[in-house]
Structures are given as C-alpha cells and as structure tokens.
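Let's take a walk through this structure, starting from one residue and working outwards. Have the sequence and the 3D view ready.

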Amino acid sequence: MSSIAQTAKNAFTTMTQTEKVAQLSNNFTVNTEASGAHLTTDHGTAVADTDNWLRVTDGTKHGPSLLEDQIAREKIHRFDHERIPERVVHARQALGAAAHGYFKVYDNSASKYSYAGVLTDPSRTTPVFLRFSTVAGSAGSADTVRDVRGFAVKFYTQEGNWDIVGNDIPVFFIQDAIKFPDLIHAVKPEPHNGVPQAQSAHNNFWDFAFQQPETSHMLMWTMSDRGIPRSYRMVQGFGVNTFTTVNAEGKRFFVKFHFVPELGVHSLMWDEALKICGQDPDFHRKDLNEAIDNGAYPKWKFGMQIIPEGEEDKFEFDILDATKVWPEELVPVEFFGELVLNRTVDEYFPETEQVAFCTSHVVPGIGFSDDPLLQGRNFSYFDTQITRLGINWQELPINRPVCPVMNFNRDGQGQHRIHKGTVNYWPNRLQATPPKPVAQGGYYDYPQKVGGLKQRARGAKFNEYFNQAQLFYNSLAPIEKMHLIKAISFELDHCDDPQVYISMTKRLAEIDLDLAQQVAENVGGEKPSQAARQNHGKKSKNLSQFDLMPENPTIETRRIAILVADGFDFSFVEAMRASILGAKALPFLIGPRRGSIASSDSKLGSLPADHHFEGMRSTMFDAVIIPPGEKHVNTLAKNGRAIHWVREAFGHCKTIGAAGEGVWFLRTAVNLPGVDFANNGSGDAVTSSYGVVTTEKYSFTSSALEPIKFATGNGGFLSNFATELSKHRCWARELDGLTEQV
Ligand code: HDD
C-alpha cells in the first residue's frame, strides 16, 4: 500500500472510530456513578425502596407479596429478559447436566400431611427429570467452579407437573426476591470488563455480600466444601423455600423438602477443582453419565421437615426466611421415599436445554407459603421461560405433563397443538371443558387468613443475620473450617479494592473471631482483636459433611487408577480389576502410552492401557494403585509424570495402594512424606498409614476375585484399601501438614 493510501486509510479509520466513539459516549452513555444520580424506574419515577417487595404485613409477620408492585415487577421483568439467545456456534449449549428417573414413596405415611398422590400412593412410580447446574457461569464455563449447584426436579405426576427448583445448599443469599437482580449482577462478570467468568472471587460480589449482611449465612456454605462437590451424585438437594401441604382433613403444614444422596456428601479439594476446570471442564456431566451408563443409578432419600400451622411462631427465626435452616434438632426430617436417576438424555438440546422449571408448578395437596423469596420466584420463572423458549414452552416434549392438558389458552408463537371444536372460552353453551370441582381433584386453594398493612417492609425476625452463620461454622469439623478459611482467603485475595476486603474481614468478626483473624492475616485485612459479636457456640447436626457419610461404607462408582508400565504383574492387576468391578467401582489402567502394555510374564501377555499419564491426570480419579513388577516400577521411577501423578494424588488426600515392588516406588521414587510402609520381610501383612495401604506380598485367594469386606487390620490388602477409599479422603494428611510437602 502506498504511503498516501496508508495515510488516507489511517485518517478514515481514525475519523470513523472517533465518530463512533463520540456517538456512543454522547448519545448512549449514562454514568451510574455520577454524583446526584438516583434510582428510578424505566419511566423515570424515583424509587424509594429497592429492597422490599410490596406486601401485606403487620411488621411482625409476612403476608403475601402483591402483584400490584409495579416497581418489583419491572425490575424482575427486566432481569428475566436480560439475556438474548446464545450464538449457534461459539457459544456452547447451556451448562448443566440432567437425567431421567423415577420417584416412589415407601408407604402412605405422608398422608398425615398431604393428600397429594405423588407423596402418598406407594403403588405409583412417578417419572422425574432432574437438571443440575451451576449458577454464576455462562454457557461454556467449567463444571467444577466454586458455586451453588442447582437441583431442579420435575415430577410428571398424574395430577400435573410438580417442580422442586432447588439447590444443593439449604439456604439462599437473600430474603426478598426483589434483591435477586442485584445479587446476580454482583456475582456475574463485572460490567466494565466482563471479568471474571464463573467466579465469585471479585470486588463486586464481595462488596454486595458486605452491603447486604443477610448473605452471611449462605456465604459460609458456598465457601465451605459444599461449593465444590465431587459429583452431582454426591450432593444434597433442598427445596430451600418454605412450601405448604394440606391433608385430606384440610389441615395445613409448613414444609421444607430434602433429598439426601445414598453415596454421602463429598467434595473436591480446591486445588483439584481448579485444575479440573482446565483439564476436564465437563467433569461433572461426564461423571453423571458414566455412573448411569454403568448401571450405578444415583439415588436420594426424599424427606420433609414439617411444622403444623399454628406452630410457626415458636422459633427464634422466621420460618419464612430462606436465609435460615430449620435446625434438625428442632424440626427433624421425616423420610417418605426415594428418587433414582436411571436414564441419560438422548439429545442434550431438546431435553437438558429446553427443560423449564417453575416454582409455581404445584399439584393438589401442595401449596405455597408467604416466604417472600418464593412469592417473587413464582412470578419470575414463568416469565423467564417466555423469553427463553416462547409462550408455548410447556408444550415442548420435555415439559409436557403425562396427564391430559385441556384449556382455552390458545395460539402464540410455536403452538404445537391443533384444538378441535367450536368454542374457546368458558362458560360455553356446550359445557365443553368445565373446571373440575375440588372434591373431584381440582386444585384446592387453602383459605388463608391475611391481615396487615400494605407496605415495603420485612418481618421483624428477618433482621437477624448471624446466628445461623455461626451455627454452620461451629458445626464444621476442623478440616472443613480450615478449607473454609482458605476459600474465603482465596476469594478476597482476588478482590483488589481494599475497601472490599477490609470491610469483609471486619464482617467475619460478626461470625467468629478466629475465622476473621486468620482470613485478615492471609489477605492483608485489618486483624480484629475482638469479636464483633459473641459466638454462641451452638452446633447442629447434618450441617457438616461428616454427619452425612453413607450408612454403609461403599466404593461404588469410585474411579480407581492402576499405574502400569511394561513389566507389571499381570495376575495382580487382573485380580484387582475383578475385585474392583465386583464392588461396582471402576478400574482404569494408566500407562506411559495408550494401548498395549506388556506384563512381566510373556505367557500371560499384555493389557491395553485406557489412558496415558499426560492424557488423564490424577485429578480424574479417586484412588491409585501401584502393582508389583520390577521392570515396571523402574520405568515408572524414571518418569517424572508418573511420580507427579502419585504425589498429586497424595496431595489431594486420595487413597493410594501398592504391593511388592510398587511399595519401593512409593517409598523411594515418589518419596511420600510421613508415611509408614510395609517392610521387607513383612510378607502379606498389610500396613495402612495416612491412607496409604501397602503390602510386601499380595496373597491371592482361591478365586481371583477377592471380595471387598470393608475391614481394617487383617482384612487383606484390598479390603483395607477399599475401607480407606470409602472414607473419601485421608484428611489427616492435610491436618498434619503432609500435603504441603508434596
Ligand atoms: Fe432461581 C433458574 C434455584 C432464587 C429466578 N433457579 C434457577 C435454577 C435453579 C434455581 C436450580 C435452574 C433451573 C434449571 O435447571 O432450569 N433460584 C433457585 C433457588 C432459589 C432461587 C434454590 C432460592 C431459594 N431464582 C431465585 C429468585 C429469582 C430466581 C429469587 C427471581 C426473582 N432462577 C430464576 C430465573 C431462572 C432461575 C431467572 C433462570 C433460568 C430459569 O429460571 O429457568 O427465572
């Protein structure tokens, strides 16, 4: 290009860019931080209160929220329609994983509380669809970020669809639905630079958390190990909000819904979660599919906490406040049935993506409460589906009820059904499609008495924010507290505005002094010398994950890596694989290359490695075994990646097993700190130390398949190994500082 042409091009570029920049800044720029600016509606009316939905209340107790609230409606409408549909390429389909399954009650014992068929008829098998999700990240974000997990269940009952749109954490950040747009804006990427993705570790989130102290309790949960689950199959599910049920006598109950996983509640470690974000962003959905495809169907017990109407005021917290749990000592969970997932989806988009949930979807015998978060949600979900899927979203195959749908709702974009007949209104001269009386199954609206002033206010008990944050923190095991402190320290370290991290460390002193001091020291906050509020010291059960270990030890669905190089002991590996499969866990051979690896015995031949050390890291597995074989361990000992593999698994507190020369590899090449190993000459005695299980000599039982007995001591190598693995991790390594040495 000539210099004249170049100059002309530059001038043109500069001119057009400048014009565009000027156009944007003059005509379209609004400075929300300008002095004197105040909050208005879209039509310019100043807003006096953006924290409270207009509701009926006497200032002590909550009555229903009013649809009349034009300010809340506008705010939620604007929020619900914020996203435009994602691009057909370069924007991966929405995040989340889902599966089909069924729900069944054990007997009719819930009929004391509800007349809903789905809860009371043991002869029924109700189909369900469950969608798991993360909250903050957009479509392409990774599965293992620190976040809340959505746990949304659609029950296709004979009386219509019932949706529990829950989370894996029993409380929520905010009390009033009108704050939801603020919460989500604060956690999403910051507006000026679109950073960070799928992270709460930034100024705006922690600023909001500080400004809105009702977030304190849930912050403790998300910063605990609950924020980084090992698997969707190992999370609890909670309806979170307070719902109601009505029994056949017309008596009403306040209820909270619970799902408790059969496999226990387990988490990743933070370092592991961070690595998996890059190594396998789809870790959780693959895990769900792998389990179901292998016939290991995830199962949850279903229960309810129940408070009869009339007893709702006897608690120090308001039972309609979604930032509070109902401690199980006060209101035990009664279990009524189970939910099982047994089929993966056939096609992601029409099922996982197009499924649409609504908290307002209930069936006769189940209803709402005046929980102010639920009242707003009941409006929001239906509204957002209109933007996402169009007005006829309930006709999409995945959303259609299994019972007949017949009404006079008509037309609209994407109408699927052709209605025959001459009338489309009620009442009509033909008596076509009449309403169904309650006695015959029509929905029963409980005649709730409502009183109070119409005002923007919350009930008096809603003003207490810290008791249950303390209760949760106090109930954690020492290792869980340690993780929580590290997690908040990580997050606040990513906040670069001192105002944010200094205020937040002060806030933590409202919960626990030790917590506040340790975090302040880590992140450069002001270390408080005394608690801002006395810790009441109370604890409650089932808040710590250690209270939720499976009733019977199990290694079902655990992924076990067996490291092999040429010259491994064939019989040992085959015996391990058979026993592991017998216990419904999954063995994988990991070698220096994918493909055939020769054993030490040419007559027995070789085995194919499933993956190579680089392709599949230790983070993808729950445990690792090093088989015997002299040549094989010499090769592993020269391979830095193999050594790193085992050291990393040790650092993540995973069970490690070795036999014969494999023990030498752990002791000398990997050099695991602080561990006792099986000695030379100890024969087939088994040594278990810090979750590392070793034996000099592996003795084969009469059959190749050694049944796993879950016993320590003299139970045999595999039984000791399985017992360690059934505990999920060996936390003593971290508590004793060994993990910091690898
Ligand atoms: Fe929500 C989606 C759970 C409060 C508005 N929410 C959504 C999903 C889950 C939850 C699991 C994903 C459903 C799916 O898999 O399709 N949300 C919760 C819980 C809350 C909560 C447990 C507190 C108890 N949500 C909440 C409030 C509002 C919303 C207060 C608005 C006022 N939520 C929405 C939404 C979404 C949604 C914007 C986005 C996509 C959708 O609904 O279908 O309407």
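**Starting from a tyrosine**

Find helix α10, which runs over residues 372-389, and you'll see that Y381 sits in it. Keep in mind that this is a predicted model. Why pick this residue? The UniProt annotation "binding site", from an unreviewed entry, covers Y381.

So is Y381 buried or exposed? It falls in between: Y381 counts as partly exposed because it has 18 C-beta neighbours inside 10 Å, while being buried would take 20 or more. Leaving aside residues up to four places away in sequence, Y381 touches V165, F357, C358, T359 and S360.

Now turn to the ligand. It has 25 residues around it, and the closest are R131, G150, V240, S380 and T384. Which elements give two or more residues to this shell? They are α2 (70-80), β4 (126-134), β5 (149-157), β6 (160-167) and α10. Our starting helix, α10, provides the largest share, with 7 residues. Sorted by class, the shell holds 12 nonpolar, 10 polar and 3 charged residues.

Two of those contributors, β5 and β6, are worth a look together. They form a hairpin, with 2 residues between the strands. Follow them along and you'll find that β5 and β6 pair in the antiparallel sense, over 8 bridges. For a landmark in this pairing, look for F155, which stands opposite W162 in β6. As for how covered the second strand is, 7 of the 8 residues in β6 are buried.

Technical notes:
Residues are numbered from 1 along each chain as its sequence is written. This is a predicted model: local features need pLDDT of at least 70, side-chain atom pairs count only at pLDDT 80 or more; totals for chains, interfaces and linings use all residues. UniProt positions are given in the numbering used here, feature names are shortened, and annotations may be inferred rather than shown by experiment. Helices (H or I, at least four residues) and strands (E, at least two) are DSSP runs, numbered from the N terminus. A residue is buried if 20 or more other C-beta atoms lie within 10 Å of its own, exposed if 12 or fewer, and partly exposed in between; C-beta atoms are placed from the backbone. Two residues are in contact if their C-beta atoms, placed from the backbone, lie within 7 Å. A residue is near a molecule or strand if its C-beta atom, placed from the backbone, lies within 6 Å of it. Ala, Val, Leu, Ile, Met, Phe, Trp, Tyr, Cys and Pro count as nonpolar, Asp, Glu, Lys and Arg as charged, and the others, Gly among them, as polar. Two strands pair if DSSP finds at least two bridges between them.
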